[in-house]
Amino acid sequence: MSPQESGQRGLPETLPDPMPIDVVDNHVHLDITREGDEPFDVAEAVRRARAVGVTRLVQVGCDLDGIRFTMDAIERHTAIVGAIALHPNEVPRLAAAGRLEDAYGEVERCAAHERIRAIGETGLDYFRTGPEGVPVQQDGFRWHIDLAKRLGKALQIHDRDAHDDVLRILDEEGAPEHTVLHCFSGDLAMARECAERGYYLSFAGTVTFKNARALRDALTAIPLDRVLVETDAPYLAPSPHRGATNASFLVPVTLRAMAAVLTVDVPTLCRAVSDNSERVYGPWDAERIGQSA
Ligand SMILES: [Zn+2]
């Protein structure tokens, strides 16, 4: 099946050239379907990603349905490990419905699974949630930070229009050992703040957008051992596919653009992304998981 036959809009007709060294998509939502699309066929999405050297995925479930989907996906596919949390826009909704405590209970039970490797995406979103939701959202962020530390998992952060408060709350709570700002959207100064604290920055297709000069400057400000790449699929397809349904097989487009910004060769960046991902999330491979246990 070609990408275009997959029922997702605007995808390129052919797959990009494969990566010379296998890499990881650090953040994908295989459970989310954009309006007008067919749902992802998970096995097909994994196969197509693998065909271009994207051999490992972090599937992110950030509402209760997405978490249940993720628990199933990690059992079926050795290429997939999971991240789960209640999204910062989901926390105020659940609180208003009186269902937040029960939902926390389910997150905590599921997060104990060996193939759930990160708590996320959690964080702050001042774009979608208005001022009335901020206190409960901040409490939710603190709860997820504490959970990640108690379980010894990585933390994946969603930060939309909330850079200062994200950094402040991480400082106040104490960040987990492996803290990732997913779909990094800050500028050079923010990137430097993160680098000082040893956080990982994960770059999505947005780094390829024409008007994303500040983001490309930010990329150059962090050490290579803190750089990650992701799709955030089905959202944020890289140029020249902007607006199309995104998928993990488009990671090579973003990664090649990042290598050009960093003026490193593509194999060097592939190796860095692969090593950094396994440092943050642990190994994917079933046999190696057995050996390291
Ligand atoms: Zn996401």
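**Close-up views of helices α5, α6, α9 and α10**

**View 1. Buried residues of helix α5.** In α5, the buried residues (under 20% relative accessible area, 1.4 Å probe, protein chains only) are V134, Q137, Q138, G140, F141, W143, H144, I145, L147 and A148. This is a predicted model: local features need pLDDT of at least 70, side-chain atom pairs count only at pLDDT 80 or more, and totals for chains, interfaces and linings use all residues. Residues are numbered from 1 along each chain as its sequence is written, and side-chain values use heavy atoms, without hydrogens or water. Helices are DSSP runs of H or I with at least four residues, strands are runs of E with at least two, and both are numbered from the N terminus. The buried α5 residues pack against α3 (90–96), α4 (100–111), β4 (116–125), β5 (154–160) and α6 (163–173).

**View 2. Span and end of α5.** Helix α5 (residues 134–151) has 18 residues. From first C-alpha to last it reaches 26 Å, close to the 26 Å expected at 1.5 Å a residue. G152 follows α5, with a positive phi near 70°.

**View 3. α5 against α6.** The two axes (lines fitted to C-alpha atoms over the stretch in contact) come within 11 Å and cross at roughly 45°. Contact (heavy atoms within 4.5 Å) involves Q138, F141, R142, I145 and K149 of α5 and D165, V166, R168, I169, L170, E172 and E173 of α6.

**View 4. α9 against α10.** The axes of α9 (residues 251–262) and α10 (residues 266–281) come within 9 Å and cross at roughly 110°. L255, R256, M258, A259 and L262 of α9 meet V266, L269, C270 and V273 of α10.

Note on methods. Axes are lines fitted to C-alpha atoms, for helices over the stretch in contact, and angles run from 0 to 180 degrees between N-to-C directions. The expected span of a helix is 1.5 Å times one less than its number of residues. Buried means under 20% relative accessible area, exposed over 50%, partly exposed in between (1.4 Å probe, protein chains only).
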